[in-house]
Each structure stands twice: as structure tokens, then as C-alpha cells.
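This report describes the fold of one protein chain for a reader who is new to structural biology. Please keep the sequence and the structure in view while reading.

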Amino acid sequence: MKVLLVNGSPHSKGCTYTALCEVEKELKKAGIDTEIFHIGDKPIAGCIGCAGCASGQHRCIIDDVVNRFLEKAEEADGFIFGSPVYYASANGAMIAFMDRIFYAGSKIFAYKPGACVVSARRAGTTATLDQMNKYLSFSRMPVVSSQYWNMVHGNRPEEVKQDLEGLQIMRVLGRNMAWLLKCIEAGKQAGIPMPEEELKARTNFIR
């Protein structure tokens, strides 16, 4: 089993990375393979609504970091998405990234556990978590919780390491993710079938 942890910060070793590392430690202790995937510090184009990804290849027509991530995502069993807070929101690059991975690769994520974590100096964390968690619930992903909202506080990695409650939240999240992955695997071994799917009903409310 493998979990991909996404660092949505432009800083490869900043506060978001520090939070993800705390989750990663617990996953590794539980025997789960991990990889921290950094989206980088280059601009990421937003979705242009071209429907080019509808070919069924689970790839975006814009060939960049999104497609590199989707290649890895196909082999992953769980996901943690991390972002810094910018103006009570995930940063722009992370939102563009999530828009495109979840639209182009929606079937890749179905029924795989996921969670989001956020990092802020002071505030805007709960609004950002609400925003990011919507991607998971839209994509039929079991959402993994901790013992509080998944957030850490600090303006620098050294300050995040002083947020003892935040670090504990990350550790509990890692243990909960490992537990759920093992429960899902046990269910597969016991022959429990996946949920039956229906064709999506799309209703236009404009008459």
C-alpha cells in the first residue's frame, strides 16, 4: 500500500512540508509506503474547460506536473493534500492543480481514502479545509479525519515544530489513514464488493 502526500506550497521544505512529514512518519511506522510529491514553484495553468481529458486516458491535454502526478496516482492507495493558506484559501497553484487532477483523473481517486491538511501563520485554516475537502467528497473518496481539524500554525518550519497540538493532529491523521487502508484491504481479501455505481444524473435548474 502506498500514500501520496502532495505538497502544494511553492516552498519545497516549508511549513506545509513539515506538517506532511509528521503524517508520513506514522504511515511509515504502520508499514505504508509513502512519497511526498511537490507541485513545484512554477505557474500551473488552470482548467480551460476543453474536455480534452474526456478521452478516458485520465490525462490533461496540458502536459505538465498534473500529468506527472496522475501517473503516480494510478498506483497509489491513498492521498494527503497539503496547502498553505493564502487569503483564507488554498494557494492559486494548488487550486489549479486540484481542479485539473480531479477533473481529468476523477476515476483514479474513487474509493481511495484521502485527507487535506493546511498550514497558516494565524487564520483562514477552516475555510481552506472546507474548500479542499469538497474535491474529495465529490470524487467518492472516504475522507480520513484526525482528532481536530487538520491544521498546523507557524510562519516558518521551526514555528510549526512548536505547534505541539498541530503536530499531534498530523500524527493521529497518519495512524487513522493507515488503519483505514488496512481495513479496506481486509475487506477486499474477504470478498466485500465495491459499491454499486449508477450513471450520473445531471439536472439543469435553468428552465
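A residue is called buried when its relative accessible area is under 20%, exposed when that area is over 50%, and partly exposed in between. The model discussed here is predicted.

**Helix α3**

Under this definition, the buried residues of α3 are M94, I95, A96, F97, M98, R100, I101, F102 and A104. They pack against several elements, including β1, β2, β3 and α5. Helix α3 itself comprises 13 residues, from 92 to 104. From the first C-alpha to the last it reaches 18 Å, close to the 18 Å expected at 1.5 Å a residue.

**The sheet and its helices**

Strands of a sheet pair through backbone hydrogen bonds, in either a parallel or an antiparallel manner. In this model, 5 strands form an open sheet with parallel pairing, in the order β2-β1-β3-β4-β5. At the edges are β2 (33–38) and β5 (151–153), each of which pairs on one side only. From one strand to the next, the twist averages 15°.

Within the sheet, β1 (residues 2–7) and β3 (residues 78–84) run parallel and are joined by 5 bridges. In one of the pairings between strands, V3 has G78 of β3 as its bridge partner. Helix α7 (residues 164–189) packs on the sheet, where it touches β1, β3, β4 and β5, and its direction makes about 160° with that of β5. Helix α5 (residues 125–138) lies across β3, β4 and β5 and runs at about 155° to β4.

**Salt bridges**

The structure holds 13 salt bridges. Three of them are listed below.

| Pair | Closest N to O distance |
|---|---|
| K2 and E35 | 3.0 Å |
| K28 and E24 | 3.9 Å |
| R156 and E158 | 3.9 Å |

K2 lies in β1 and E35 in β2, so their salt bridge ties together parts that are 33 residues apart in sequence. K2 counts as partly exposed, at 28% relative accessibility. Salt bridges with shared partners join K2, E35 and K72 into one network. By contrast in setting, K28 and E24 are 4 residues apart in helix α1 (residues 15–29), a separation of about one helical turn. E24 counts as buried at 13%, while R156 is partly exposed at 44%.

**Cysteines**

How many disulfides does a search of the whole structure find? The search finds 0. The cysteine sulfur nearest to that of C53 belongs to C60, 6.4 Å away. For C60, the closest cysteine sulfur is in C50, at 6.4 Å, which is too far for a bond, because a disulfide requires sulfur atoms within 2.5 Å. C53 is buried, with a relative accessible area of 14%, and C60 is buried with a value of 14%.

Definitions and conventions
Residues are numbered from 1 along each chain as its sequence is written. This is a predicted model: local features need pLDDT of at least 70, side-chain atom pairs count only at pLDDT 80 or more; totals for chains, interfaces and linings use all residues. Side-chain values use heavy atoms; hydrogens and water are left out. Buried means under 20% relative accessible area, exposed over 50%, partly exposed in between (1.4 Å probe, protein chains only). Two strands pair if DSSP finds at least two bridges between them. Helices (H or I, at least four residues) and strands (E, at least two) are DSSP runs, numbered from the N terminus. Axes are lines fitted to C-alpha atoms, for helices over the stretch in contact, and angles run from 0 to 180 degrees between N-to-C directions. Contact means heavy atoms within 4.5 Å. The expected span of a helix is 1.5 Å times one less than its number of residues. A salt bridge is a side-chain nitrogen of Lys or Arg within 4 Å of a carboxyl oxygen of Asp or Glu.
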